[in-house]
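Open the structure in your viewer and keep the sequence beside it. Each stop below says what to select and what to look for.

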Amino acid sequence: MTAVSPDAPRIWTAARGPVLIGVIILFAAIVITLLRGGGEGGALDPRSFRPEGSHAVARLLEQNGVRVELTDNASAVDGATLFVTQPNLIDPQRLADLSRRASATVLLAPATGTSRLEAEARQPGCPLADRAGSATMGGFTYEGEQSCYDSTLVRTGTVTTIGYGGIFTNRSIDEEGNAALALSLLGQHERLVWYVPSEADRSQQKSLTDLIPDGWKYGALQLGVAAVLIALWRARRLGRVVPEPLPVVVRAAETVEGRARLYRRSHAASHAASVLRQATRDRLAPLLGVPQGDDPSEEIARRTSRPVTSVRALLYDKEPVDDRGLVALAHSLDALENEVRKA
């Protein structure tokens with residue numbers, strides 16, 4: 001009898017290659033993320049000299065007498081201009097409270113816009129940005145009391161909403177009238193609070209899945225699909241045991257030893273005990289003249305003078321046993337069979 005189901009070693013042999021590849025990919029992704037996320041130099045960071053950083057704007061503001069304060073806790077905004085680079089990560093009520101306390105607020109690309117425009121040189125079309133003139137604008141469009149640059153920059157009261165942050169980056173600050181527009185927006189007061197939301201602000205608005213970058217989600221989805229495909233590829237149809245002629249003659253003792261090793265490896269002592277009891281009943285039934293499948297306990301008790309209850313317990317007990325109990329059971333069944341044969 002040969003089982004067609006794959007065992008654990010065969011499954012591991014088939015799967016270790018894809019598993020190793022997946023581990024390497026995951027480790028590389030973690031390392032890349034840590035390297036890219038660590039240290040100073042993020043986008044729109046006033047300390048960053050990278051093209052996407054904003055050190056040039058911060059330097060221009062300081063040269064024009066504006067004190068730039070980078071913070072992740074904008075509790076002290078009274079009398080200052082508040083610049084929020086990621087307003088979508090802040091609780092709306094907290095953001096509204098900060099805007100009321102600040103003398104002026106600049107929100108960068110909140111996700112409340114109605115449409116998106118390609119970033120390109122645009123004319124202001126409003127008195128608010130006449131001095132800056134043409135600037136590289138685009139991104140989200142909004143509605144407000146004052147609308148500039150095709151509605152990509154609007155102002156309502158003291159709150160200015162801008163749909164594109166490229167004018168604040170080192171890469172684009174010297175293009176068009178970007179520098180003048182950035183100074184006019186962020187230099188409205190002597191003090192500028194450059195607000196980078198903290199982890200506490202993020203957790204108020206985002207669930208754990210929301211905090212996971214989209215790239216990681218896409219990578220996890222790809223790994224999941226790959227795992228399913230590998231499982232389907234390596235799958236084996238499970239069914240009943242298929243009989244198959246052996247290519248050579250195997251001695252009965254070897255078969256018994258092989259099955260015993262399988263039982264021991266799988267810790268199936270209780271199952272082995274059931275097999276021993278069934279084999280004893282099958283051997284004794286012809287000797288006692290009892291039909292196969294009937295309970296021979298009473299006939300055995302009559303011939304051996306043993307109590308019927310003890311004989312039945314020895315032949316039919318289903319209590320779990322360990323290896324030591326299995327050995328004791330085998331001795332007891334041998335003794336019982338010898339008594340019946342001698343009777």
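The tour starts with the whole chain and then visits loops, helix pairs and a strand.

**The whole chain**

Keep in mind that this is a predicted model. Show the full chain as a cartoon: it has twelve helices and nine strands. Of its 343 residues, 31% are buried. Switch to a surface view next. The chain exposes about 21400 Å², and carbon and sulfur atoms supply 57% of that area. Now consider the contacts inside the chain between residues at least 6 apart in sequence: 60% of these join residues at least 24 apart.

**Pro 51**

Select Pro 51, which sits in the loop between α1 (8-37) and α2. Its relative accessibility is 43%, so Pro 51 counts as partly exposed. Which residues does Pro 51 contact, leaving aside its neighbours within four places in sequence? They are Thr 169, Asn 170 and Arg 171. Add Arg 171 to the selection and look at the two C-alpha atoms. Pro 51 and Arg 171 are 120 residues apart in sequence, yet their C-alpha atoms are 4.6 Å apart in space.

**Helices α2 and α4**

Next, select residues 55-63, which form helix α2, and residues 178-186, which form helix α4. Two packed helices are described by the angle between their axes and by the distance between those axes. For α2 and α4 the angle is about 65° and the axes are 10 Å apart. The crossing of α2 and α4 is right-handed. Show the side chains of Val 57, Leu 60 and Leu 61 on α2, then those of Ala 179, Ala 182, Leu 183 and Leu 186 on α4; these residues make the contact. Sorted by class, the contact of α2 with α4 has seven nonpolar residues, no polar ones and no charged ones.

**Ala 135**

Move to strand β5, residues 135-141, and pick Ala 135 in it. Is Ala 135 buried or exposed? Its relative accessible area is 0%, so Ala 135 is buried. Not counting residues up to four places away in sequence, Ala 135 touches Glu 120, Ala 121, Arg 122, Tyr 149, Glu 176, Gly 177, Asn 178 and Leu 181. Select Ala 119 as well. Ala 135 and Ala 119 are 16 residues apart in sequence, and their C-alpha atoms lie 9.6 Å apart.

**Two residues with positive phi**

Go to Asp 150, in the loop between β6 (146-148) and β7 (153-156). Asp 150 is not a glycine, but it has a positive phi of about 55°. With a relative accessible area of 46%, Asp 150 is partly exposed.

Then select His 267, in the loop between α8 (252-265) and α9. His 267 also has a positive phi of about 55° without being a glycine. Its relative accessible area is 73%, so His 267 is exposed.

**Helix α9 and its partners**

Select helix α9, residues 269-288, together with helix α11, residues 308-316. The axes of α9 and α11 come within 8 Å and cross at roughly 120°. The two helices are therefore oblique to each other. In the contact, Arg 277, Thr 280 and Arg 281 of α9 meet Ala 313, Leu 314, Leu 315 and Tyr 316 of α11. Four of the residues in the contact of α9 with α11 are nonpolar, one is polar and two are charged.

Keep α9 selected and replace α11 with helix α10, residues 297-304. Here the axes come within 11 Å and cross at roughly 65°, which makes α9 roughly perpendicular to α10. The crossing of α9 and α10 is left-handed. Leu 284, Leu 287 and Leu 288 in α9 meet Glu 299, Ile 300 and Arg 303 in α10. The residues of the contact of α9 with α10 are four nonpolar, no polar and two charged.

**Val 321**

For the last stop, select Val 321, in the loop between α11 and α12 (323-342). At 24% relative accessibility, Val 321 counts as partly exposed. Apart from its neighbours within four places in sequence, Val 321 is in contact with Ala 269, Ser 270, Ala 273 and Leu 326. Add Ala 268 to finish: Val 321 and Ala 268 are 53 residues apart along the chain, with 9.3 Å between their C-alpha atoms.

Note on methods
Residues numbered from 1 in each chain as written. Predicted model: local features only at pLDDT ≥ 70, side-chain atom pairs only at ≥ 80, totals over all residues. Heavy atoms only, no water. Axes fitted to C-alpha atoms, helices over the stretch in contact; angles between N-to-C directions. Helix = DSSP H or I, 4+ residues; strand = E, 2+ residues; numbered from the N terminus. Parallel < 35°, antiparallel > 145°, perpendicular 65-115°, else oblique. Contact = heavy atoms within 4.5 Å. Nonpolar A, V, L, I, M, F, W, Y, C, P; charged D, E, K, R; others polar. Left-handed = near helix turned anticlockwise from the far one by under 90°. Buried < 20%, exposed > 50% of the residue type's maximum accessible area, 1.4 Å probe, protein only. Areas by Shrake-Rupley, 256 points an atom, 1.4 Å probe, with all protein chains shown as cover.
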